[in-house]
Amino acid sequence: MKKNVINENYLDKIPVRNEKINFTSDENGIVTLEIENKGIFNKLAQKLLKKPKISYVHLDETGSFIWPLIDGEKSILALGEDVKERFKDKANPLYERLAKYFQILESYKFINFK
């Protein structure tokens, strides 16, 4: 018996930033995410292995452009239009790269989707 499958276009998804993640931007517009290392394993690693309480994730130029635009209202498709306008042909293959970028952000729980 087949399950009912909803055919959802990934590009129609609306990303929402994780509110627990702070970020800064330098003079060149490069965004750095500040990830707090919580949980028992992280606490032990901080004490025993001198691991940092905060990890810093530096985004590349394209990621730094996209991150502040994630507002919980724009779809990946709409964000892609902004990227295309800003980076022109340098952004290609645009939607394949955007899909992978958002899959990575979601896998690290930096974002979720509405």
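This text walks through the fold of one protein chain, from its overall plan to two of its helices.

The model is predicted. Start with the whole chain. Four helices and five strands make up its secondary structure. Along the sequence they follow the pattern β-β-β-α-β-α-α-α-β. The chain has 114 residues, and 30% of them count as buried. Now look at the contacts between residues with a separation of 6 or more. Residues 24 or more positions apart account for 59% of these. The outside of the chain exposes about 8,400 Å². Carbon and sulfur atoms supply 54% of that area.

Next, find the sheet. Strands pair through backbone hydrogen bonds, either parallel or antiparallel. Here, three strands form an open sheet in the order β2-β3-β4, and the pairing is antiparallel. The edge strands are β2, residues 22-25, and β4, residues 54-58. Each of these edge strands pairs on one side only. Neighbouring strands of the sheet are turned against each other by 25 degrees on average, direction ignored. Zoom in on one pair. β2 and β3 (residues 31-36) are joined by four bridges in the antiparallel sense. F23 stands opposite L33 in β3.

Now turn to helix α3, which runs over residues 76-87. Its 12 residues reach 16 Å from the first C-alpha to the last, close to the 16 Å expected at 1.5 Å a residue. Which residues of α3 are buried? They are I76, L79, G80, V83 and F87. Seen down the axis of α3, these buried residues fall within an arc of 105 degrees, so they line one face of the helix. That face has several partners. The buried residues of α3 pack against β1 (15-17), α2 (61-66), α4 (94-107) and β5 (111-113). After α3 comes K88, whose phi is positive, near 55 degrees.

Helix α4 can be read in the same steps. It has 14 residues and reaches 20 Å from its first C-alpha to its last. That is close to the 20 Å expected at 1.5 Å a residue. Its buried residues are L94, L98, A99, Y101, F102 and L105. They cover an arc of only 165 degrees around the axis, which puts them on the same side of α4. On the other side of α4, E96 and S107 are exposed. What do the buried residues of α4 pack against? Their partners are β1, α2, α3 and β5. α4 is followed by K109, whose phi is positive, near 60 degrees.

How values were computed. Residues are numbered from 1 along each chain as its sequence is written. This is a predicted model: local features need pLDDT of at least 70, side-chain atom pairs count only at pLDDT 80 or more; totals for chains, interfaces and linings use all residues. Side-chain values use heavy atoms; hydrogens and water are left out. Helices (H or I, at least four residues) and strands (E, at least two) are DSSP runs, numbered from the N terminus. The expected span of a helix is 1.5 Å times one less than its number of residues. Buried means under 20% relative accessible area, exposed over 50%, partly exposed in between (1.4 Å probe, protein chains only). The arc is that of the directions from the helix axis to the C-beta atoms. Contact means heavy atoms within 4.5 Å. Accessible areas come from the Shrake-Rupley method with a 1.4 Å probe; for residues, only the protein chains shown count as cover. Two strands pair if DSSP finds at least two bridges between them. Axes are lines fitted to C-alpha atoms, for helices over the stretch in contact, and angles run from 0 to 180 degrees between N-to-C directions.
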